Amino acid sequence: MKKRLITAVLAAVSLCSSIAIANNGVTYPHYLNERIDFYGDFSPTPTARQEIHKADVTQWEYHIYDDKTKKTVEQTSVASFNLKENAGENFRGFTGYSLIYLPEDPNERINKIKAMATKYRGNPEFVSRKVEEYINQIKNGTLPDPIYQTYVFEENGTYKTYNWLSAGYFSYLVGGTDSLERFGNRCIDFIGKPCGTTEQITEKGYPAPQAPNVGRAMRIITDFPKFIRATIQQHGSTTNNILSNVPFGVQVSFIAYSGWETGAYAYLYLNDQPIPVSNDTNPYRIPFMVSQSQKDGDFGFKYSFYRDLTNYKQYLKQGKNTLKISVSDSFERYSQQVIEFTYGGSGCQPPLLKEKDAEYKISFGHGPNDQQASGTGGFLSWVVEYDANRCRAAEYIGDNKTGSLNTPIANTPGQYAMILNKWRFMLHKGPKGILIKNQSTDSKPLVVQIVETGRTHTILKGSQVEIPYSSSNGGLTLRFPSPLVQNGFWNKATENVDGYPATFEIPEVLRSPIQALISKESQRQ
């Protein structure tokens, strides 16, 4: 609501107001307990008419709670003007207005607001700019809602006007909130003490605020946006080595914070040049509405986006490049993250195939190759392969693979493998069936599935399990599922390559091994 400034009306106001006595406290330029003339947006006070009121100058305890550290970081005081009823009014409600004095001198005012905004984790340029916009509105004859005015009459019959900024609105501008605006009933949760007037606090059985404070309020400050994820993706996998002939993009998730609600913006820079990313009025930013967010705690709003970067070749160069991601909240608080990556060359981004895991068909009393099931067994390996000739990778549990762990193995030109884990197992005839013993040196458990029953057994190093079996059952088939089968990764596969389940989403555990095999091929060339 825009209010016309009070001018001639002041001439009819009683001249009995006390002359302000200078002081250095939070009530400056007024004196504590002085009664002054007061005007502003009184809509929070029930039945209050939009006209000049008397108000008593008081101050309240002001506790600053930092949501980032989950601690009270400061206890100070804030000026509070206690509104008095005019004839015919009956407030029966909110009468206290917590305010911050705005000096008349522009430099002093700007410096004060910037220093406060910086201290309470806001953007000083943004907050100061907003305050100066309000001052300009006053000069043009309207009083913005966040601004209040007090008037002191001088001996010569003129009056002095002082401008004040709502403390709650200042909290909003720095990305926080105020207990007088929100969370007033949760002060104990945050600062361990109730908020309100001295009477309200003592009625609850708590000690009164420290004199000369006649009440207690709380400001909550929040953090700048925080990145959760920022990665370059090519065919669904995170990589910093980009092939020029394969589509790629950036995946970003971040949290913006506010004591109220906050939208967000994102900006992308390739090699320090801003790139157009949306159809917004500013094409160089991606706008986000609050409705697009996921709530994260009391004050967090989570946003995510993906942007394809394939068609920005004019911003890229062969070799080393940088991508800077900048995100902001509604209060122009920015956070940046820079990703370095290489660009150029052509080649494949291999899909990952799920090849068949090792199986053993066992007849009662016999092991692999029809051996007696007494002291027989075998070796197993978790293997990842890369075939540069066919542009594909694969993972599986194989038997009798040789080679050192986590070391690229060249099979034939263009074909490479790496062993990630090794196991050794033994089969013995037991009292009621087949004993399977894990005799591996690797501490990772051996997992075996009985195909005929669907049961899965996890065998720790040095341990054994007995599989119930009788000769009338026929054979048993042991299948050794890979870790990606065990954790359900392959349940999400939607592709099919050469008859095998496949995916372009390379799981984290295989990204480095596959990249090492690709690098091995690059060295060969």
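**Entry 1. Leu165**

I began with the surroundings of Leu165: leaving aside neighbours within four places in sequence, I find Leu165 in contact with Ser98, Leu99, Ile100, Leu102, Val131, Pro146, Ile147 and Phe170. I note at the outset that the model is predicted. I placed Leu165 in strand β8, which covers residues 159-166. Is Leu165 buried or exposed? I record Leu165 as buried, because its relative accessible area is 0%, and the limit for that label is under 20%. I also looked up a pair that includes this residue: Leu165 and Ala115 are 50 residues apart along the chain, and their C-alpha atoms are separated by 15 Å.

**Entry 2. Helices α1 and α2**

I turned next to the packing of two helices. Two packed helices are described by the angle between their axes and the distance between the axes. For α1 and α2 I note an angle of about 140° and axes 8 Å apart. I therefore enter α1 as oblique to α2; an angle has to be over 145 degrees to count as roughly antiparallel. I add that the crossing of α1 past α2 is right-handed.

Which residues of α1 meet α2? On the α1 side I list Arg109, Ile110, Ile113, Lys114, Ala117 and Thr118. On the α2 side I list Pro124, Glu125, Val127, Ser128, Val131, Glu132 and Ile135. I had already met one of these, Val131, among the contacts of Leu165.

**Entry 3. Arg121**

I then examined the loop between α1 (106-119) and α2 (124-139), where Arg121 lies. I classed Arg121 as buried, since its relative accessible area is 19% and the label requires a value under 20%. With which side chain does the side chain of Arg121 make a polar contact? I find that the partner is the side chain of Asp66, at 2.7 Å.

I also listed the wider surroundings. Apart from neighbours within four places in sequence, Arg121 is in contact with Asp66, Lys68, Val174, Ile221, Thr222, Asp223, Phe224 and Arg333.

**Entry 4. Ser328 and Glu332**

I found Arg333 again when I looked up Ser328. Setting aside neighbours within four places in sequence, Ser328 is in contact with Pro225, Gly263, Ala264, Tyr265, Tyr267, Arg333 and Tyr334. I place Ser328 in strand β21 and count Ser328 as buried, because its relative accessibility is 1%.

I located Glu332 in the loop between β21 (319-329) and β22 (334-343). Glu332 has a phi near 55°, a positive value in a residue other than glycine. I class Glu332 as partly exposed, because its relative accessible area is 26% and the range for that label runs from 20% to 50%.

**Entry 5. Asp498**

I noted a further positive phi at Asp498, about 55°, although Asp498 is not a glycine. I find Asp498 in the loop between β34 (495-497) and β35 (500-503).

**Entry 6. Cis peptide bonds**

I looked up two peptide bonds that lead into proline. The bond from Tyr28 to Pro29 is cis, with omega near 10°. I place Pro29 in the loop between β1 (3-4) and β2 (35-39). The bond joining Ala211 and Pro212 is also cis, and I record its omega as about 10°. I place Pro212 in the loop between α5 (198-203) and β11 (215-221).

**Entry 7. The disulfide**

How many disulfides does a search of the whole structure find? I record one. This disulfide joins Cys187 to Cys195, with an S to S distance of 2.0 Å. I enter the link of Cys187 and Cys195 as left-handed, with -100° about the S-S bond. I note that Cys187 and Cys195 are both buried.

**Entry 8. Val465**

I closed with Val465, which I find in strand β32 (residues 464-468). I count Val465 as buried, because its relative accessibility is 18%. Not counting residues up to four places away in sequence, Val465 touches Ile434, Leu435, Ile436, His457 and Ile459. How far is Val465 from Ala48 in sequence and in space? I note 417 residues in sequence and 81 Å in space, C-alpha to C-alpha.

Definitions and conventions:
Residues are numbered from 1 along each chain as its sequence is written. This is a predicted model: local features need pLDDT of at least 70, side-chain atom pairs count only at pLDDT 80 or more; totals for chains, interfaces and linings use all residues. Side-chain values use heavy atoms; hydrogens and water are left out. Helices (H or I, at least four residues) and strands (E, at least two) are DSSP runs, numbered from the N terminus. Buried means under 20% relative accessible area, exposed over 50%, partly exposed in between (1.4 Å probe, protein chains only). A polar contact is a pair of N or O atoms within 3.5 Å; within protein, one must be able to donate a hydrogen and the other to accept it, and residues adjacent in sequence count only if both atoms are side-chain atoms. Contact means heavy atoms within 4.5 Å. A disulfide is a pair of cysteine sulfur atoms within 2.5 Å. Axes are lines fitted to C-alpha atoms, for helices over the stretch in contact, and angles run from 0 to 180 degrees between N-to-C directions. Angles under 35 degrees count as roughly parallel, over 145 as roughly antiparallel, 65 to 115 as roughly perpendicular and the rest as oblique. A crossing is left-handed if the near helix is turned anticlockwise from the far one by less than a right angle, and right-handed if clockwise.
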